[in-house]
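Have the sequence and the model open side by side for this one. We'll walk through a couple of helices, then the charged pairs, then the nonpolar interior.

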Amino acid sequence: MENTLGLEIIEVVEQAAIASAKWMGKGEKNIADQVAVEAMRERMNKIHMRGRIVIGEGERDDAPMLYIGEEVGICTQPNAESLCNPNELIEIDIAVDPCEGTNLVAYGQPGSMAVLAISEKGGLFAAPDFYMKKLAAPPAAKGKVDINKSATENLKILSEVLDRGIDELVVVVMKRERHNDLIKEIREAGARVALISDGDVGAAISCGFAGTNIHALMGIGAAPEGVISAAAMRALGGHFQGQLIYDPAVVKTGLIGESKEANIERLTSMNINDPDKVYDSHELASGKTILFAASGITSGNLMQGVRFFKDGARTQSLVISNQSKTARFVDTIHLFGEPKVLQLN
């Protein structure tokens, strides 16, 4: 899968990032997201694959493109019969977030990116559009920290396995009312808190790399993005756990579904019979082959954002594979329009 699709999925996230970056700082988060979706879908439909969106922009009625269940790939073209034989194409599941951090793009803030994860059919958890309690940590902490332990306990474990003082640890938390007690506890334990307004995928992945000065992600964020983070962290060998949050009283900022009871019914209809189950990265991204790709829209800890120049742009992307056990940073120059002949004086 990596040999077949590796370069093409990089181009998918690059095109989405470029399209969205053109709207950076214009205060139009919906447009920044829409153009990223359109660009991602257009490039996906040129790939020789049989793809199915398992995590996307939402249900069919709410999302005209890259909706959950949508088929993507070369066989979706009007003249598909002349382009492909479906039986010869690889069949994959795809989780996408064409513009992770729409507010970050709209207001010119750091850390937004275009992201996706792919695996063979059935290899990614089809998370409902709920929220998820998350814990991400470096590879050295894998299986040692635990989402059921308090933040204080986990910080002590992180201090031991990373051989660092608790006061040297940095924990990323989304700035939300629901996290006030968590933030207080982390600070009282002696660690430092890096608050973010949006976009916790980048924060989770940063835990998997040394030198980012991010040692944990804690708190509640969107469940679909949790699956994408889990895919990357599984490939990196990092720690990731997620637990679905279905009670509106816990989230405090709105939740799909009118009540806790209605949300439990929805989970049951999706064959999720234990709503309080804690999932690890191997359960959220269970496929034999996992590929993750991201391209910076605005600059963040891991990647620079899109930089435009006359007749072109430069992107920085990341592709992670559990197959080759690699994390590759890709720096690309994109030339717009027809190449021009250089004149030598």
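Helices here are DSSP runs of H or I with at least four residues, numbered from the N terminus. Keep in mind that this is a predicted model.

**Helix α6, a helix with two sides**

With that in hand, take α6, which covers residues 180-189. Right after α6 comes Gly 190, with a positive phi near 110°. Which residues of α6 are buried? They are Leu 182, Ile 183 and Ile 186. Looking down the axis of α6, these buried residues sit within an arc of 100°, so they line one face of the helix. Turn to the other side of α6 and you find Asp 181, Lys 184 and Glu 188, which are exposed. The cover over the buried residues of α6 includes helix α5 (151-162), along with β6 (170-174), β7 (192-196) and β8 (216-222).

While you're at α5, have a look at Ser 159, which is part of that helix. Ser 159 has a relative accessibility of 16%, and the cut-off for buried is under 20%, so Ser 159 counts as buried. Setting aside neighbours within four places in sequence, Ser 159 touches Arg 164, Gly 165, Ile 166 and Leu 169.

**Helix α8, covered along its length**

Now for α8, residues 223-236. Its 14 residues should span 20 Å at 1.5 Å a residue, and the C-alpha atoms at its ends are 20 Å apart, so expectation and model agree. How many residues of α8 are buried? The count is 14 of 14. Like α6, this helix is followed by a glycine with positive phi; here it is Gly 237, near 80°.

**Charged pairs**

The model contains 10 salt bridges. Three of them are set out below, with the gap between the closest N and O atoms.

| Pair | N to O distance |
|---|---|
| Arg 43 and Glu 8 | 3.2 Å |
| Arg 41 and Glu 70 | 2.6 Å |
| Asp 93 and Arg 52 | 3.1 Å |

Start with Arg 43 and Glu 8, which form a salt bridge. The pair links distant parts of the chain, with Arg 43 in helix α2 (residues 29-44) and Glu 8 in helix α1 (residues 2-21), 35 residues apart. Arg 43 is buried at 14% relative accessibility, while Glu 8 comes out as partly exposed at 21%.

Next, Arg 41 and Glu 70 meet in a salt bridge through their side chains. Arg 41 sits in α2 and Glu 70 in the loop between β1 (50-55) and β2 (71-72), so this pair ties together parts that are 29 residues apart in sequence. Buried or exposed, where does Glu 70 fall? Glu 70 is buried, with 2% relative accessibility. Its partner Arg 41 is partly exposed at 27%.

Then there's the salt bridge between Asp 93 and Arg 52. Asp 93 belongs to strand β3 (residues 91-100) and Arg 52 to strand β1, so the pair ties together parts 41 residues apart in sequence. Asp 93 is buried at 1% relative accessible area, whereas Arg 52 is partly exposed at 34%. Back with the earlier pair, salt bridges with shared partners join Glu 8, Glu 11 and Arg 43 into one network.

**Cysteines**

If you were wondering about disulfides, the count is zero. Two cysteines worth finding are Cys 99, buried at 3% relative accessible area, and Cys 207, buried at 2% relative accessibility.

**The nonpolar interior**

In soluble globular proteins, nonpolar side chains tend to be buried together. In this model the largest nonpolar core has 45 residues, and the members touching the most others are Ile 205, Phe 240, Leu 284, Phe 292, Leu 318 and Ile 320. Elements that each supply at least two residues to this core are β1, β4 (113-120), β5 (131-137), α7 (200-206), α8, β9 (239-245), β11 (290-296) and β13 (312-321). Which element gives the most to this core? That's α8, with nine residues, the helix we saw with 14 of its 14 residues buried. Apart from this core lies another one, of 34 residues, including Leu 5, Ala 16, Met 49 and Ile 92.

Definitions and conventions. Residues are numbered from 1 along each chain as its sequence is written. This is a predicted model: local features need pLDDT of at least 70, side-chain atom pairs count only at pLDDT 80 or more; totals for chains, interfaces and linings use all residues. Side-chain values use heavy atoms; hydrogens and water are left out. The expected span of a helix is 1.5 Å times one less than its number of residues. Buried means under 20% relative accessible area, exposed over 50%, partly exposed in between (1.4 Å probe, protein chains only). The arc is that of the directions from the helix axis to the C-beta atoms. Contact means heavy atoms within 4.5 Å. A disulfide is a pair of cysteine sulfur atoms within 2.5 Å. A salt bridge is a side-chain nitrogen of Lys or Arg within 4 Å of a carboxyl oxygen of Asp or Glu. A nonpolar core is a set of buried Ala, Val, Leu, Ile, Met, Phe, Trp, Tyr and Cys residues joined through side-chain atoms within 4.5 Å.
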